Amino acid sequence: MTLLAGSRPTSMPTAVSELQARIRQMQATKLPDIMLPVLDGLRSILPHGLRAGATYSVTGSTSLALALLAGPSQQGSWCGVLGVPTLSTEAAAELGIDLSRLVLVPQPGSRWLSVAAAMTDVLGVVVAAAPPRIAPAEASRLAARLRQRESTLIVLGEWPGADASIRATASTWSGIGNGHGRLAGRLMRVEVGGRDGRSRTRTLILPFAPTSGTGATAAAVPGAAMPDAAVPTAPHPVGLRLAPELVG
């Protein structure tokens with residue numbers, strides 16, 4: 001930096017100190033993160049709820065992703081589902097999602113990114129099936145838009161730069177006998193990882209029958225072990241009622 005005649009050498013350090021003080025003041029007055037509620041049983045994997053402006057990657061279970069949608073929906077948030085043509089609205093309602101505030105876009109076609117951006121502009125939480133390809137730069141631009149709009153994106157599939165990843169690694173069903181019965185719940189092992197590289201594993205029960213007229217609620221099982229019959233997550237058995245588990 002070139003000093004003008006008559007300027008004092010101490011002016012630069014003083015300006016830097018003043019700027020640092022202003023930055024600290026701005027940081028001190030920064031508003032806390034906005035957290036969206038989740039069903040009670042999901043607090044073991046997301047203790048503080050869903051963070052507005054964040055992106056979550058969910059693999060292994062569509063029902064788990066929709067269960068994450070249920071909490072904000074019950075509290076009045078407008079929500080959306082993108083790119084899931086096999087979605088059962090009956091199943092969504094059984095999970096506790098308010099269908100009167102649910103926007104569905106089953107087939108976004110080749111304009112997935114534009115549609116996703118438009119939905120996150122106006123909706124609080126969006127569950128979206130990951131497109132076949134997404135460039136990291138495109139994901140970063142969408143992430144910046146989410147932070148600006150304070151909207152939350154839950155992606156079904158892998159997602160570059162996700163704030164957290166939630167994987168259903170194993171599960172087993174209850175309610176089915178030998179050729180009879182109805183799916184009543186799912187015992188699921190879930191692994192949650194963050195950007196810091198840490199991960200934790202929890203076991204959940206997702207019942208799908210309505211409870212007290214308010215829809216299903218996920219239940220956590222602290223320290224519960226998966227039964228020996230637990231198998232890696234897979235699509236629902238052919239011929240069984242679709243409502244309990246949609247596509248995975």
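The accessible surface of the protein chain in this predicted model comes to about 13300 Å², and carbon and sulfur atoms account for 55% of that area. Of the 248 residues in the chain, 41% are buried, and the secondary structure consists of five helices and 11 strands. Among contacts with a separation of 6 or more, 64% join residues that lie 24 or more positions apart.

Helix α2, residues 62-74, is mostly covered, with 12 of its 13 residues buried; among the buried residues are Leu64, Leu66, Leu68 and Leu69, as well as Gly71 and Pro72. Because each residue should add 1.5 Å, the 13 residues of α2 are expected to span 18 Å, and the distance of 19 Å between the end C-alpha atoms agrees with this. At the N-terminal end, Ser61 acts as a cap of α2, with a side-chain oxygen 3.4 Å from the backbone nitrogen of Ser63, while Gly76, just after the helix, takes a positive phi of about 105°.

Strand β4, residues 79-82, is covered on both faces, since Cys79 and Val81 on one side and Gly80 and Leu82 on the other are all buried. In a regular strand, side chains alternate between the two faces of the sheet. The pairings of β4 are set out below.

| Partner of β4 | Residues | Bridges | Direction | Opposite Cys79 |
|---|---|---|---|---|
| β5 | 102-105 | four | parallel | Leu102 |
| β6 | 125-129 | four | parallel | Val125 |

Together with helix α3, residues 89-94, the strands β4 and β5 make a right-handed β-α-β unit.

Key: Residues numbered from 1 in each chain as written. Predicted model: local features only at pLDDT ≥ 70, side-chain atom pairs only at ≥ 80, totals over all residues. Heavy atoms only, no water. Helix = DSSP H or I, 4+ residues; strand = E, 2+ residues; numbered from the N terminus. Expected span 1.5 Å × (residues − 1). Buried < 20%, exposed > 50% of the residue type's maximum accessible area, 1.4 Å probe, protein only. Polar contact = N/O pair within 3.5 Å; in protein donor to acceptor, adjacent residues only side chain to side chain. Contact = heavy atoms within 4.5 Å. Areas by Shrake-Rupley, 256 points an atom, 1.4 Å probe, with all protein chains shown as cover. Pairing = 2+ DSSP bridges. Right-handed = clockwise from strand over helix to strand, strands pointing away.
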